[in-house]
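Here are a few friendly notes to read alongside the model. Please keep the structure open as you go through the points.

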Amino acid sequence: MALNPIPDMTLLVPTLTIQLLIGIMLIYKTINSKIRNLLYLALFNLTVGISFLLSRLMVYIESELWAPIFQVLTLTSQLLIVTFIQKTFYKQKKSPYKIVVPLLIGNFFFAFIMQFFTRTLTQLTAIALFIYAISYSIDHAISGYWFAYISLKQYSKYRNMNIEPWIKIRYLLSGIVALAYSNLGMPLFLLVIGRFNPIYLRFFYDLSFLFRAILASSFSLGSLIAWTMPKSFKKFFNKRHFPIEDRDVTEEEIMKEIDHLYGSK
Amino acid sequence: MTIINYLSDILAKKINISPSATRGLIKLSIKDQLGPYFDFNQVTYLDLKYSIENALKERLVRLKFDNIEDLIALLLLELKENQSLITMDKF
């Protein structure tokens with residue numbers, strides 16, 4: 001059945017543009033700061049943008065090469081985001097990173113080998129797609145839920161503290177978009193069902209597209225607001241916040257206060 | 001510089017001086033450790049860790065506070081637990 005590329009393109013253009021924009025802006029910010037871990041987040045957004053593009057091209061341009069390229073790109077983006085999580089939240093701290101990385105790589109090779117045998121030996125593309133859907137969903141669930149868990153945990157910790165609200169919103173949004181990201185693989189199972197029931201292929205294709213559109217747009221828009229938040233948004237979120245007086249206190253003033261409180265020790 | 005404010009509040013509660021004074025102490029310690037022209041917005045996890053372990057500890061010793069080892073251990077633990085603030089408050 002010939003599938004109409006137009007609705008996909010209407011989703012693709014904004015999400016791809018947003019992902020590339022976030023990636024480029026974060027690279028710029030990384031260059032201008034010493035916060036090197038942002039580079040992993042920047043490259044993650046770029047690879048996600050490119051994988052959005054490839055995922056659509058795969059549907060319309062038949063090629064044996066798409067699947068391995070897409071899988072390598074997916075693995076790369078997963079490794080980038082888990083490295084960002086590790087370097088941002090768990091530096092010199094116990095974390096599941098050493099378990100997550102082998103899991104992602106193992107899952108990649110398992111899916112790669114299984115798909116190869118299924119395609120070449122049985123020609124059952126629906127089964128190959130099913131295996132791919134499982135692998136893709138596991139990958140996204142591992143990194144996405146981890147990011148969502150740690151972001152939302154920190155958000156709930158800071159929620160009632162005297163921290164600028166826009167920073168709290170960044171934690172909250174990061175958690176929410178990570179949840180959308182973790183479920184990006186789910187719509188693929190609808191495509192699998194469609195492949196097993198060719199009469200309803202169009203229906204399942206549209207349903208899959210709709211779910212993926214909702215998840216991908218939420219992820220991209222949320223990431224855009226979280227990571228490239230304009231000053232007007234920060235002002236809006238901070239409108240009821242009273243900032244801490246941040247003038248430079250001199251050494252003499254500190255000594256004076258300590259002497260006053262404790263006397264000359 | 002949210003992380004500096006956060007650590008200052010913790011130190012202020014422990015040694016009973018104002019948060020602005022402890023913030024000053026931490027900032028002066030960072031400058032002791034990393035140089036007088038250091039930009040606080042560029043501070044990294046390791047910069048803060050070394051500043052607390054060395055320069056801040058020295059200052060607290062000079063000021064003759066009690067239980068300095070415990071104070072430093074607490075600040076290092078809080079830094080480790082809240083290190084994401086260094087990234088999340090940027091730009």
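1. A good starting point is the largest nonpolar core, which has 94 residues; A:Phe147, A:Trp227 and B:Leu56 touch the most other members. Such a core is a set of buried Ala, Val, Leu, Ile, Met, Phe, Trp, Tyr and Cys residues joined through side-chain atoms within 4.5 Å, buried meaning under 20% relative accessible area (1.4 Å probe, protein chains only). Helix H5 of chain A gives the most to this core, with 11 residues; helices are DSSP runs (H or I, at least four residues), numbered from the N terminus.

2. This is a predicted model, where local features need pLDDT of at least 70 and side-chain atom pairs count only at pLDDT 80 or more, while totals for chains, interfaces and linings use all residues. Residues are numbered from 1 along each chain as its sequence is written, chains are lettered from A and ligands numbered from 1 in the order in which they are written, and side-chain values use heavy atoms, leaving out hydrogens and water.

3. Look next at A:Trp227. Leaving aside residues up to four places away in sequence, A:Trp227 touches residues of both chains, including A:Phe147, A:Arg170, B:Met88 and B:Phe91 (contact: heavy atoms within 4.5 Å).

4. Now the interface: 40 residues of chain B are in contact with 41 of chain A. In chain B, B:Thr87, B:Met88 and B:Phe91 lose the most area to chain A.

5. Which residue forms a salt bridge with B:Glu81? The partner is A:Lys93, with the closest N and O atoms 3.4 Å apart (the rule: a side-chain nitrogen of Lys or Arg within 4 Å of a carboxyl oxygen of Asp or Glu). The count between the two chains is one salt bridge.

Methods: Buried < 20%, exposed > 50% of the residue type's maximum accessible area, 1.4 Å probe, protein only. Helix = DSSP H or I, 4+ residues; strand = E, 2+ residues; numbered from the N terminus. Buried area = accessible area lost by both parts, 1.4 Å probe.
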